[in-house]
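Reader: I have this chain open on my screen and would love a friendly walk through it. Please start with whatever helps me find my bearings.

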Amino acid sequence: MAGISELEKKALKLIEESSDGILQSDLWKMMNLDSREGSRLVLRLVKKGLVKREQVIVNGRRTYRLTLAKTTSEPVSVKIDISSILDIPCTTCPFINDCGPRNFHDPRLCPLLDRWLRAKTRARAQEREISRTTSM
Ligand code: SF4
């Protein structure tokens, strides 16, 4: 698999072998990882769309059950216009691989992304205003 590390491949294999999914803490133990390393690994797999993470309560504690994300073997053709997001700061961000919800680099708290979104919103509002005034 391209773009997948040996560690990620090992985790995917263990998740695949579990019939009903695997608790993320069990995965860490099986892979001999601490919670920080294990958490990062799982988040990377989720971000890549390879693993689904479902919150569950086990022995009164909240944790996550991991299962392989369903993939389709049918080729899918989708036309996407990405011109409006080509200048998003994430495309050149050195922290992209570590960025995610509740990580140190979190898109919800990122000033670069916030600034970019505000500029886009302002530009869109100006376009609408121009379109509105010219159609009068
Ligand atoms: S949200 Fe911010 S920190 Fe995360 S990848 Fe984008 S620019 Fe980088």
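**Strands, fold and ligand shell**

Reader: In β3, which residue is the bridge partner of Leu23?
Author: Happy to help! This is a predicted model, where local features need pLDDT of at least 70 and side-chain atom pairs 80 or more, while totals for chains, interfaces and linings use all residues. Numbering starts from 1 along each chain as its sequence is written. β1 covers 22-23 and pairs with β3 in the antiparallel sense over two bridges, and in β3 the bridge partner of Leu23 is Arg65.

Reader: In what order do the three strands lie in the sheet?
Author: Strands here are DSSP runs of E, at least two residues long, and helices are runs of H or I, at least four, numbered from the N terminus. Two strands pair if DSSP finds at least two bridges between them. The pairing is antiparallel and the sheet is open, with the order β1-β3-β2.

Reader: Which strands stand at the edges of the sheet?
Author: Going across the open sheet, the order is β1-β3-β2. An edge strand here has a single partner strand, so one side of it is left without a neighbour in the sheet. That description fits two strands, β1 (22-23) and β2 (51-58).

Reader: Over how many bridges do β2 and β3 pair?
Author: You can trace this pairing on your screen, with β3 at residues 61-68. Lys52 stands opposite Thr67, Val56 has Thr63 as its bridge partner, and Ile57 stands opposite Arg62. β2 and β3 run in the antiparallel sense, and the count of their bridges is eight.

Reader: Which residue takes a positive phi in the hairpin of β2 and β3?
Author: Look at the turn, which has two residues between the strands. The phi there is near 55°, and the residue that takes it is Asn59.

Reader: Is the chain a compact globule or more spread out?
Author: The chain has four helices and three strands, running α-β-α-α-β-β-α from the N terminus on. Its radius of gyration (over C-alpha atoms) is 20 Å, well over the 14 Å that the globule rule (2.2 Å times the number of residues to the power 0.38) gives for 136 residues. Along the principal axes, the C-alpha trace spans about 65 × 35 × 30 Å. Since the radius is well over that of the rule, the chain is more spread out.

Reader: How many charged residues does the shell around the ligand have?
Author: A residue is in the shell if its C-beta atom, placed from the backbone, lies within 6 Å of the molecule. Among those around the ligand are Cys90, Cys93, Cys99, Cys110 and His105. Counting Ala, Val, Leu, Ile, Met, Phe, Trp, Tyr, Cys and Pro as nonpolar, Asp, Glu, Lys and Arg as charged, and the others, Gly among them, as polar, the shell has 10 nonpolar residues and one polar, and the number of charged ones is no more than none: no charged.
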